[in-house]
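Here are some exercises to work through with the structure open beside you. Try each task before you read its solution.

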Amino acid sequence: MIYFDYRFMEVARPIIEHEQYQQMRKIKHHDESVYDHSVKVAFYAYQIAYKHGLDWKATIRGALLHDFFLYKFKKSLSLRIVPDSIKHAIVHPIIAFNNASKYFNLNEKEENIIKSHMFPFGFPKSKEAWIVSYVDKYIATFEYASNLKKMVHRRRHPV
C-alpha cells in the first residue's frame, strides 16, 4: 500500500484527476492498469528525487505522464523484422509526450523524462529522467513477475 504525502498530491492531483488521464484506469499494463503503474512510478521516483534534492515536481509530472499513450498494447506472436514489443517501446514515449502536450504545459525536463523513459530507445538528459527510467523498469519487473505468477497458478489450479 502506498501512502501519498501532501507534496506529491499537490503536484499530482491536477494530472491524475484529469478526465483523459482517468482513461488510463481502463487500460491493462503489466499486471495492473496504466494508471496504477504510472502513479506508482511517480511516487517512488518522487521519493528518490526529493531525498536527493532534485527537481521532484518535474519528476512527479514526467513520471505520471511517461505512459500516457491511451491505447491497449497488444502483443503479437508474428515473426516480423521489428517485433511489436520493440516498436511499442520506441513509439509509445512519443505518443505519450504528444498526448501530455495536448493537456498539460510541460517543461524541457518533463518532456525528456517522458521521451527517454524507455532507455536505450531514448536518452535521459537529467538525473530525474534517469530516476524515472530506472524506477519504471524496476516496478515493471515486479509487475511482470506478479502476472507470471498468476498465470502459473491458474494453469496449476484451473477453476
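**Exercise 1. Work out where E111 and K115 sit and what their side chains do.**

Solution. Start with the element: E111 and K115 are both part of helix α6, and four residues, about one turn of the helix, lie between one position and the other. Next, recall that an α-helix has 3.6 residues a turn, so residues three or four places apart point the same way. Now look at the side chains in this predicted model: those of E111 and K115 meet in a salt bridge, at 2.7 Å from N to O. Finally, check the exposure. E111 is partly exposed because its relative accessibility is 26%, and K115 is partly exposed because its value is 29%.

**Exercise 2. Find the salt bridge of K109 and say which parts of the chain the pair ties together.**

Solution. First, the partner: K109 meets D55, side chain to side chain, in a salt bridge of 3.9 Å (N to O). Then place both ends. K109 belongs to helix α6 while D55 is in the loop between α3 (34-51) and α4, so the bridge links parts 54 residues apart in sequence. Test the distance against the cut-off: a salt bridge needs the nitrogen within 4 Å of the carboxyl oxygen, and this pair has 3.9 Å. As for cover, K109 is partly exposed at 26% relative accessibility, and D55 is partly exposed at 29%.

**Exercise 3. Take R13 and E17: is each one buried, partly exposed or exposed?**

Solution. Begin with the pairing: the side chains of R13 and E17 form a salt bridge, 3.4 Å from N to O. For the exposure, use the cut-offs: under 20% is buried, over 50% is exposed, and anything in between is partly exposed. R13 has a relative accessible area of 37%, so R13 is partly exposed. E17 comes out at 55%, so E17 is exposed. To round off the topic, how many salt bridges does a search of the whole structure find? The search gives seven.

**Exercise 4. Describe how helices α1 and α4 pack.**

Solution. Two packed helices are described by the angle between their axes and the distance between the axes. So get those two values: the axes of α1 (residues 6-16) and α4 (residues 56-65) come within 10 Å and cross at roughly 35°. Then add the hand, which is right-handed for α1 passing α4. Now list who makes the contact: α1 brings R7, F8, V11, A12, I15 and I16, and α4 brings W56, K57, I60, R61, L64 and L65. Last, ask how covered α4 is. Nine of its ten residues are buried, namely W56, A58, T59, I60, R61, G62, A63, L64 and L65.

**Exercise 5. Locate H117 and S33, and list what each one touches.**

Solution. Take H117 first. H117 is in the loop between α6 and α7, and its relative accessibility is 0%, so H117 counts as buried. Leaving out residues up to four places away in sequence, H117 touches H66, D67, H92, P93, S133, D136 and K137. Pick D67 from that list: D67 is 50 residues from H117 along the chain, yet their C-alpha atoms are 9.1 Å apart.

Now S33. S33 sits in strand β2 (residues 32-33) and, with a relative accessible area of 9%, is buried. Beyond neighbours within four places in sequence, S33 contacts M24, R25, I27 and K28.

**Exercise 6. Which residues make the nonpolar surface patch that includes F121?**

Solution. The patch is made by I86, I90, V91 and F121, and has an area of about 320 Å². Place F121: the residue is in the loop between α6 (108-116) and α7 (127-156). Its relative accessibility of 44% is why F121 counts as partly exposed.

**Exercise 7. Sum up the chain: what are its elements, and how much of it is buried?**

Solution. Count the elements: seven helices and two strands. Read from the N terminus, their order is α-α-β-β-α-α-α-α-α. Then the cover: 45% of the 159 residues count as buried. The chain exposes about 9700 Å², with 59% supplied by carbon and sulfur atoms. Finish with the contacts: among those with a separation of 6 or more, 64% are between residues 24 or more positions apart.

Conventions:
Residues are numbered from 1 along each chain as its sequence is written. This is a predicted model: local features need pLDDT of at least 70, side-chain atom pairs count only at pLDDT 80 or more; totals for chains, interfaces and linings use all residues. Side-chain values use heavy atoms; hydrogens and water are left out. Patches are made of residues with over 30% relative accessible area and no salt bridge: like charges are joined within 9 Å, nonpolar side chains (Val, Leu, Ile, Met, Phe, Trp, Tyr) within 5 Å. Accessible areas come from the Shrake-Rupley method with a 1.4 Å probe; for residues, only the protein chains shown count as cover. Buried means under 20% relative accessible area, exposed over 50%, partly exposed in between (1.4 Å probe, protein chains only). Axes are lines fitted to C-alpha atoms, for helices over the stretch in contact, and angles run from 0 to 180 degrees between N-to-C directions. A crossing is left-handed if the near helix is turned anticlockwise from the far one by less than a right angle, and right-handed if clockwise. Contact means heavy atoms within 4.5 Å.
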